[in-house]
Amino acid sequence: MRVVASAPGKLILLGEYAVLEGAPALVASVERRAEVSVELSEGRGIVVDAPDIGVHRVELPPPSEPSDQDERLAFVEACLGEVWPRLPSLGEHRLDIRINSERFLSSAGGPKLGLGSSAAVSVALVTALEVAGGHGDGPAVRHIFEAAHRAHRRAQGGVGSGLDIAASSFGG
């Protein structure tokens, strides 16, 4: 079974830094989308392919085991850690995760544009994992937002307003 999900990026129009102190901000989603596919097959294990950030077929341990992977996979590991305990059926399969975030780069291999690629990837990955794990066509958008927000904050050391996750969850 293969599940594909995508999520839009964000553009903060006003209050980009003020929002971190609790002030209001204005955000919009943009049609630059991250796409994530999760393929379940026979066997066990998790393999991640994210060529846009230089990750090629990296094997991850189950989220219940400690990991010493590099920081490029922090958001992937946080999303897996968020979803895994609620969907034990994921552990009964091999998961091949492919992440495409090329539309968030200025050119092939170029610098990021600052349009919220990590948030878009987090929302798309949580969505794909939820569907692959048995939530049919997917849980409610509010549930995706909350799970992706928790994972995203965990990957960032507990900081972040969630504005980018909101744009990627509810926008587009």
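This report describes selected residues of a predicted model, with attention to strand β1 and to salt bridges.

## Lys10 in strand β1

Strand β1 spans residues 2–14, and Lys10 is one of its residues. Lys10 is buried but takes part in no salt bridge. The nearest side chain of opposite charge belongs to Glu16, at a distance of 5.1 Å. Because a salt bridge requires a side-chain nitrogen of Lys or Arg within 4 Å of a carboxyl oxygen of Asp or Glu, the 5.1 Å separation between Lys10 and Glu16 does not qualify.

The side chain of Lys10 does reach a backbone atom, the oxygen of Gly114, at 3.1 Å. Gly114 also appears among the residues that Lys10 touches, once residues up to four places away in sequence are set aside. The other residues in this set are Val27, Ala28, Ser29, Val30, Leu115, Gly116, Asp164 and Ala167.

## Val3 in strand β1

Val3 is a further residue of strand β1. It has a relative accessible area of 11% and therefore counts as buried. With neighbours within four places in sequence left aside, Val3 is in contact with Val36, Ser37 and Val38, and also with Ala128, Val131 and Ala132.

Ile46 gives a reference point for the position of Val3. The two residues are separated by 43 residues in sequence, and their C-alpha atoms lie 15 Å apart in space.

## A nonpolar surface patch

Four leucines, Leu11, Leu13, Leu14 and Leu26, form a nonpolar patch on the surface. Together they have about 370 Å² of accessible area. Strand β1 supplies the largest share of this patch, with three residues.

Leu11 is located in strand β1. Its relative accessibility is 38%, so Leu11 counts as partly exposed. In the same strand, Lys10 is buried, as is Val3.

## Salt bridges around Asp96

Side chains of opposite charge can pair when their charged atoms come close. The structure holds eight salt bridges. One of them joins Asp96 to Arg57, with the closest N and O atoms 3.4 Å apart. Asp96 belongs to strand β5 (residues 94–100) and Arg57 to strand β4 (residues 55–60), so this pair ties together parts that are 39 residues apart in sequence. Asp96 itself is buried, with a relative accessible area of 17%.

The side chain of Asp96 also meets that of Arg94 in a salt bridge, at 3.1 Å from N to O. Arg94 is partly exposed, with a relative accessible area of 24%. Through salt bridges that share partners, Arg57, Arg94 and Asp96 are joined into one network. Within this network, Arg57 has a notable backbone angle: its phi is near 50 degrees, a positive value in a residue other than glycine.

## A salt bridge between two helices

Another salt bridge is formed by Arg154 and Glu82, whose closest N and O atoms are 3.0 Å apart. This pair links distant parts of the chain, since Arg154 lies in helix α3 (residues 141–155) and Glu82 in helix α1 (residues 74–83), 72 residues apart.

Which of the terms buried or partly exposed applies to Arg154? At 46% relative accessibility, Arg154 counts as partly exposed. Glu82, by contrast, is buried, with a relative accessible area of 9%.

Technical notes:
Residues are numbered from 1 along each chain as its sequence is written. This is a predicted model: local features need pLDDT of at least 70, side-chain atom pairs count only at pLDDT 80 or more; totals for chains, interfaces and linings use all residues. Side-chain values use heavy atoms; hydrogens and water are left out. Helices (H or I, at least four residues) and strands (E, at least two) are DSSP runs, numbered from the N terminus. Buried means under 20% relative accessible area, exposed over 50%, partly exposed in between (1.4 Å probe, protein chains only). Lys and Arg count as positive and Asp and Glu as negative; His and the chain ends are not counted. A polar contact is a pair of N or O atoms within 3.5 Å; within protein, one must be able to donate a hydrogen and the other to accept it, and residues adjacent in sequence count only if both atoms are side-chain atoms. Contact means heavy atoms within 4.5 Å. Patches are made of residues with over 30% relative accessible area and no salt bridge: like charges are joined within 9 Å, nonpolar side chains (Val, Leu, Ile, Met, Phe, Trp, Tyr) within 5 Å. Accessible areas come from the Shrake-Rupley method with a 1.4 Å probe; for residues, only the protein chains shown count as cover.
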